[in-house]
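Student: Could you walk me through one part of this model up close? I'd like the ring-by-ring picture, with the geometry spelled out.

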Amino acid sequence: MIESVKLIQFPVFKEDNGELSVFEQSIDGIPFHIERIFNVRSDKGSVRGQHAHYLCSQLLICSNGSIEVTCDDSFNKKVFLLDRPNYGLLVPPAIWAEQNYLENNSSMTVVCDRPYEAKDYISNYKFFKEYISQLNKKENN
């Protein structure tokens with residue numbers, strides 16, 4: 001459900017010569033065991049993501065620029081703006097996510113609770129909606 005998507009604020013330490021954002025695996029921090037981290041950089045107008053996962057949870061962090069993330073549970077959509085490096089968006093499994101890059105040279109770090117598994121991706125939106133419908137039927141039985 002869309003309510004499971006959460007924006008998490010992480011500590012930031014400001015000094016005269018810059019800022020330090022801290023991301024730790026804890027109850028108040030990254031809520032899962034980290035298995036994979038990757039970076040994505042793109043320019044204004046790029047749309048990335050456009051998929052969901054069966055099992056993988058992700059934490060999306062915009063370290064530079066600004067990125068609009070649309071999350072969709074097949075019934076409801078919610079839009080989040082990532083434009084500060086001390087905020088992360090927790091996207092659990094079975095949530096369709098698209099990232100729209102709003103500035104040139106925007107960068108996103110993605111922290112995952114699973115290693116890369118091609119079979120974990122749902123890249124067809126129609127199939128995603130069918131999958132969610134099947135999940136709901138199972139939960140209601």
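Tutor: Let's start with Phe128, which counts as buried because its relative accessibility is 0%, under the 20% cut-off. Keep in mind that this is a predicted model. Phe128 belongs to an aromatic cluster together with Trp96 and Tyr125.

Next comes Trp96, which is buried as well, at 6% relative accessibility. Its ring and that of Phe128 have centres 5.5 Å apart, and with 45° between the planes the pair is tilted. That angle is neither under 30 degrees, which would make it stacked, nor over 60, which would make it edge-to-face. Along the chain the two partners are distant: Trp96 sits in strand β10 and Phe128 in helix α1, 32 residues apart.

Now the other contact. Across the structure there are 6 aromatic pairs, and one of them joins Trp96 to Tyr125. Here the centres are 5.2 Å apart and the planes make an angle of 80°, an edge-to-face arrangement. Strand β10 covers residues 96–101 and helix α1 covers residues 125–140, so this pair ties together parts 29 residues apart in sequence. As for Tyr125 itself, it counts as partly exposed because its relative accessibility is 30%, which falls between the 20% and 50% limits.

So, putting it together: Trp96 of strand β10 pairs edge-to-face with Tyr125 and in a tilted way with Phe128, and these three residues make up one aromatic cluster.

Terms used. Residues are numbered from 1 along each chain as its sequence is written. This is a predicted model: local features need pLDDT of at least 70, side-chain atom pairs count only at pLDDT 80 or more; totals for chains, interfaces and linings use all residues. Side-chain values use heavy atoms; hydrogens and water are left out. Rings of Phe, Tyr and Trp (its six-membered ring) pair if their centres lie within 6.5 Å; planes under 30 degrees apart count as stacked, over 60 as edge-to-face and the rest as tilted. Helices (H or I, at least four residues) and strands (E, at least two) are DSSP runs, numbered from the N terminus. Buried means under 20% relative accessible area, exposed over 50%, partly exposed in between (1.4 Å probe, protein chains only).
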